[in-house]
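Student: Could we go through one of the pockets in this model, and then turn to a pair of packed helices?

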Amino acid sequence: LLLLQGWWLAWNAHSIHRFRPYSDTSVYRLPVLPPLPDWPGAIDFDSAPFAMLNVTALLVLFLFACDLLQRAEWRKRVWRTMALTACVVAIVGTAMKGVGRELKLTLWLLNEDAARADTTFAFYRYHGNAATLMVLGWMLALGFVVVAFARSEHPLRRTGWVVVCLGLLAGLFTNTSRAGWALAVVGLGLLGLRYFPVWWRFGRAATDWKAGLLQGGVVLTAVVALVAVAFTVDWKEKLPRFTSMEKSFATRYPGPIYRQMVGEVGWLGVGPDCFQWALPPYLEAANLLNVYQKFWRDAHNDYYEYLINWGWLGAALWAGLIFGGLARGLRGHFRSPVLPGSTQWLLGFCGCVGLITVLIHARWDFPLEVTSTTFYFLTLLADGWAPHDQVVAAPSSPSAPAGRPRARACGPGRTGVGRCPGIRRRGRPAASSCAAASRPACRGRRAGCSWRATAAADWKRAEMASSSSRSGRSAGPSGPTRVSVSKTPLSS
């Protein structure tokens, strides 16, 4: 329906807009003869078709991602690629700030205006869009760090993801975008609110506090040092941005003009990417051209811009696509079994948090009008819409309800996938199973099974079962374990 509406408006465009010779903000309109003059159409014949080519390509990629992200292995590959790509942007932007204008002139050789602009960061002409991409990568990288430490993976892998996180953090705070600073903290807080209660319940008893405090102190020191160094770069420019934050939000865009445009826009809007031509006549009529002395290609508020470009019908379709995918992703995460060391379980939630940060940023900027950030956003949104194979353990007794994970024998209320092996010294799993042996010692909280010891085997078995869901079998360390796989839109 979105493509049908957009291409109809582009095909039945009514006019062409051009700048007046004496102004960069005032435009004039040249009428053209549309195929159906009495039917609605876009207000600019040149902008709408080009924008619809972009929208069509993005929605085709969105459908492809919906199919691809049904597979557990490809979900991890996509998340890993997105995090590493954002880290490259952060490193290049940080190097650009440190080296100076020489690197910026080299990267922006064909655009001297962008090379001289203070808002250029890495490969982005506007630092706010670079911040959006880095925040998405920051959330995914944080998820990989938590999973690597929860599963006690190889030290090189843990170190690698910590370095990626630190690189993204350095890029976020070297950048002058205040939205990037705030959203990085918001994303970290949402992830902490979700993961800390899970760790407190399942992993606290098996935590090596001495090693954990030592590693946490080292990482905290590195974070503080990076943030301090990042703020010393261009600190004369960043300090006034803190003091002028409230004034900037108040004058960031002409809110009364936007509300007037929304009231007059109708059901189908002015056409894709036609906001830039619809705004100048309103500013001129309100004598605000001298106040906003620049050409507004984007509204600095994606909610207003989507309403004006697509009208009430198109905005409702976009809202259903975006918020429906976010709701399905969160519902799948909270309905799935709690698997703290599972990449699928935790990174699915991190992707949802990334979507939330972009939607917050869209309130004061235009991240959903830039192709690269919109592509990343739609990829994470496709993960919410894609149906995933949920792997649950088969019930151990006829009285156990079908379709629900069997409760572990070690500890009240603990659920998981697969067996619940006992522990030996240093947290290594024993050959026997607590569930099979029904040992009373394994039922207590203190003498119960170690979450850290059993995490790696359980999570690996769950992910292997999800990848081979067509056969309905999953091989565990103690022999083959039958699992039941249900094709539901829940996170695996």
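Student: How do the residues of the lining of the second largest pocket divide into nonpolar, polar and charged?
Tutor: This is a predicted model, and in it the second largest pocket has a volume of about 700 Å³. Its lining is made up of 25 residues, with Asp273, Arg297, Asp298, Glu369 and Val370 lying nearest the centre. Sorted by class, the lining of the second largest pocket comes to 13 nonpolar, 7 polar and 5 charged.

Student: Which helix gives the most to the lining of the second largest pocket?
Tutor: Two or more residues of the lining come from each of helix H2 (47-68), helix H14 (302-335) and helix H16 (371-385). The element that gives the most does so with 5 residues, and that element is H2.

Student: Are H15 and H16 parallel or oblique to each other?
Tutor: Two packed helices are described by the angle between their axes and the distance between the axes. For helix H15 (residues 343-361) and H16, the axes lie 10 Å apart and the angle is about 135 degrees. That angle is neither over 145 degrees nor within 65 to 115, and the two helices are therefore oblique.

Student: Which residues in H16 are met by those in H15, and what is the handedness of the crossing?
Tutor: On the H15 side the contact is formed by Gly348, Gly351, Leu355, Val358 and Leu359, which meet Phe377, Leu380, Leu381 and Asp383 in H16. By class, this contact has 6 nonpolar, 2 polar and 1 charged residues. As for handedness, the crossing of H15 and H16 is left-handed.

Conventions:
Residues are numbered from 1 along each chain as its sequence is written. This is a predicted model: local features need pLDDT of at least 70, side-chain atom pairs count only at pLDDT 80 or more; totals for chains, interfaces and linings use all residues. Side-chain values use heavy atoms; hydrogens and water are left out. On a 1 Å grid over the protein atoms alone, a cavity is a set of points where a 1.4 Å probe fits but cannot get out, and a pocket is an open set with protein on both sides within 12 Å along at least five of seven lines; lining residues have an atom within 4 Å of a point. Grid points are joined across faces, edges and corners, and a volume is the space filled by probe spheres set on the points. Helices (H or I, at least four residues) and strands (E, at least two) are DSSP runs, numbered from the N terminus. Ala, Val, Leu, Ile, Met, Phe, Trp, Tyr, Cys and Pro count as nonpolar, Asp, Glu, Lys and Arg as charged, and the others, Gly among them, as polar. Axes are lines fitted to C-alpha atoms, for helices over the stretch in contact, and angles run from 0 to 180 degrees between N-to-C directions. Angles under 35 degrees count as roughly parallel, over 145 as roughly antiparallel, 65 to 115 as roughly perpendicular and the rest as oblique. A crossing is left-handed if the near helix is turned anticlockwise from the far one by less than a right angle, and right-handed if clockwise. Contact means heavy atoms within 4.5 Å.
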